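Good morning, colleagues. Please look at the structure on the screen while I take you through its charged pairs, its nonpolar interior and one part of its surface.

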Amino acid sequence: MTADSIIAIAGILLLIGAFSNKLSYRFNLPTLLLFLAAGVAAETFLPVNGAELAGNINFLGIVAMAFILYSGGGETPLSSVRKVALRGIILAIPGVILTAIFLGGGAYFILGGQYPFSWCLLLAALISSTDAAAVFAILRGKGVGLKGKLKPLLELESGSNDPTAAFLTMFMIGVALQPESAAEKLNIGSLLMIILQLGGGIIAGWLFGWLGRKIFTVKLEYEGLYFVVSVAWVLISYGVSQLVGANGFMACYVCGMILNSGRYNYQKALSKFHNGVAWLMQVGLFTLLGFLANPQELIKAAVWVPGVTLGLFLILVARPLAVFICLLWSEYSLKERVLISWVGIRGAAPIVLATFPLAAGVADAEYMFRLIFFMVLISITIQGWLMMPFARWLKLDKPVTQHEPAPLELEVTHSSANQEMREYKILPHSPLAGAKISDMELPEGVLVTMLRRNGAIIPPRGNTTLCSGDHILIMAETKLLREVEQVYFPEQS
């Protein structure tokens with residue numbers, strides 16, 4: 001196959017993956033499931049030996065995960081994380097370890113003892129973490145909302161637990177390759193090493209996020225160079241953190257969170273850019289998983305029966321047990337713990353991690369990869385499909401009204417560093433409903449720039465009457481804008 005053919009096919013697969021999102025909305029199918037299907041369909045015509053490409057795929061997968069986690073961190077408000085930090089970290093570290101132990105034990109019995117217990121634990125480690133991109137996509141989807149602290153907890157857990165799974169994977173690969181030294185490797189020092197690496201990742205991410213805000217305040221001659229710097233900063237955050245012994249994945253997640261908690265040049269454009277890059281990586285990884293899954297092997301009962309069984313065991317037994325143990329004596333109710341147990345969607349991380357055993361030459365690594373395929377498939381199909389219906393059944397959902405973004409946006413630059421423009425909704429009980437714009441006692445320097453009513457744009461004038469349901473766009477310095485929020489829009493501040 002020529003390079004031109006590979007480039008054309010890659011473009012076609014990405015295009016199919018992107019537009020499959022339309023089908024997912026129309027038929028209520030998880031988007032990631034369609035990416036998998038596109039990959040499997042492509043593999044039928046373009047068979048590839050995954051083991052031969054394991055090294056290259058592994059490298060690309062690491063880069064992809066770094067960008068996915070950076071983008072996820074950037075979309076996670078630091079203020080919401082503070083409220084759930086302790087429980088989120090407990091789910092991200094002990095929760096992942098417990099999930100791997102429970103699933104590993106279940107796998108040993110489900111597979112009939114045909115594989116060593118260390119092999120089963122390695123299999124469990126690969127798929128022990130929830131997927132940030134999948135959880136973010138569902139929780140931030142159209143009309144989706146959860147009550148209380150559920151949403152920030154689930155987002156924090158999914159964004160921060162991949163490093164634990166990565167560490168467990170590398171640890172268990174060593175055990176699987178040298179089972180005679182397993183007893184020496186499994187000790188309290190192993191747990192301390194995980195904590196130190198993740199702690200180092202948090203510190204490194206915090207430093208890179210703080211430094212990133214300084215770097216992005218430097219004025220560059222060309223706007224496009226800010227995007228180059230942003231890509232470079234993600235790579236530096238991961239690579240340097242790994243070189244100093246910290247966890248690069250955690251560093252990227254925290255870096256994105258800290259960086260976007262402040263203001264810097266072209267912040268909005270860069271956030272959208274990284275959201276697009278994250279989707280590119282997500283589409284690529286899931287299409288690649290389907291592409292590497294040999295359909296002739298997948299249809300064998302020896303593959304899909306244990307794969308489906310393990311997937312169900314993970315959803316119904318291993319994940320709930322780990323969550324309930326980690327949330328003992330917490331403020332979360334029984335219903336909330338049940339929902340947290342359910343939102344354990346697996347996705348991109350197992351795809352990346354499953355290439356490590358292939359590259360390391362672990363026995364039966366290809367069979368392990370196929371089992372992972374079915375476990376991910378079951379997870380995104382059942383959990384992803386039923387997540388919000390399950391939340392509604394538990395009465396833990398809340399309506400979220402979303403509207404199209406305003407066709408006017410103030411980008412952060414040197415000239416507008418202290419200014420913001422935000423859109424607010426006139427609620428039925430608001431004192432502004434029925435009032436004129438001139439009746440608003442706005443401080444000097446606050447400007448009403450646009451009014452939207454029933455999808456139409458209305459030029460704002462002093463005698464324009466505001467109605468319930470209107471969306472008003474206001475521009476001012478950040479301090480003044482917060483004062484206006486406290487007076488007229490306290491619920492939306």
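R482 is partly exposed, because its relative accessible area is 33%, a value between the 20% limit for buried and the 50% limit for exposed. I should state at once that this is a predicted model. R482 takes part in a salt bridge with E485, in which the closest N and O atoms lie 3.5 Å apart. Why can these two residues be about one helical turn from each other? They are separated in that way because they stand three residues apart in helix α21.

E485 has a further partner. Its side chain also meets that of R422 in a salt bridge, at 2.6 Å from N to O. This second pair links distant parts of the chain, since R422 belongs to strand β1, residues 419-425, whereas E485 belongs to helix α21, residues 478-488. The two positions are 63 residues apart. Through shared partners, the salt bridges join R422, R482 and E485 into one network.

How is this network placed with respect to the surface: is E485 buried or exposed? With a relative accessibility of 1%, E485 counts as buried. R422, by contrast, is partly exposed, because its relative accessible area is 26%.

As a general remark, side chains of opposite charge can pair when their charged atoms come close.

How many salt bridges does the structure hold? There are six. One of them joins R319 and E157, with 2.6 Å between the closest N and O atoms. This pair, too, connects distant parts of the chain: R319 is found in helix α16, residues 301-326, and E157 in helix α8, residues 150-160, with their positions 162 residues apart. R319 is buried, at a relative accessible area of 4%. E157 is likewise buried, and its figure is 2%.

I turn now to the nonpolar interior. The largest nonpolar core contains 112 residues. Which members touch the most others? They are L103, W119, L123, L146, L339 and I340. The greatest contribution to this core comes from helix α20, residues 365-393, which supplies 16 residues. There is also a second, separate core of 17 residues, and M440, L451, V484 and Y488 are among them.

Let me consider two members of the largest core in more detail. L103 lies in helix α5, which covers residues 94-110. L103 is buried because its relative accessible area is 1%, and the limit for that class is under 20%. Apart from neighbours within four places in sequence, L103 is in contact with A124, I127, L310, F313, L314, A318 and M375. The C-alpha atoms of L103 and S128 are separated by 8.2 Å, although these residues are 25 apart along the chain.

The other member is W119. When residues up to four places away in sequence are not counted, W119 touches L111, V362, A363, D364, Y367, M368 and L371.

Finally, I come to the surface. Which residues make the nonpolar surface patch of about 390 Å²? W206, W210, L211 and I215 do so. W206 has its place in helix α11, residues 188-215. Its relative accessibility of 46% is the reason why W206 counts as partly exposed.

To close, I would return to the network with which I began: R422, R482 and E485 are joined by salt bridges that share partners. Thank you for your attention.

Technical notes
Residues are numbered from 1 along each chain as its sequence is written. This is a predicted model: local features need pLDDT of at least 70, side-chain atom pairs count only at pLDDT 80 or more; totals for chains, interfaces and linings use all residues. Side-chain values use heavy atoms; hydrogens and water are left out. Patches are made of residues with over 30% relative accessible area and no salt bridge: like charges are joined within 9 Å, nonpolar side chains (Val, Leu, Ile, Met, Phe, Trp, Tyr) within 5 Å. Accessible areas come from the Shrake-Rupley method with a 1.4 Å probe; for residues, only the protein chains shown count as cover. A salt bridge is a side-chain nitrogen of Lys or Arg within 4 Å of a carboxyl oxygen of Asp or Glu. Helices (H or I, at least four residues) and strands (E, at least two) are DSSP runs, numbered from the N terminus. Buried means under 20% relative accessible area, exposed over 50%, partly exposed in between (1.4 Å probe, protein chains only). A nonpolar core is a set of buried Ala, Val, Leu, Ile, Met, Phe, Trp, Tyr and Cys residues joined through side-chain atoms within 4.5 Å. Contact means heavy atoms within 4.5 Å.
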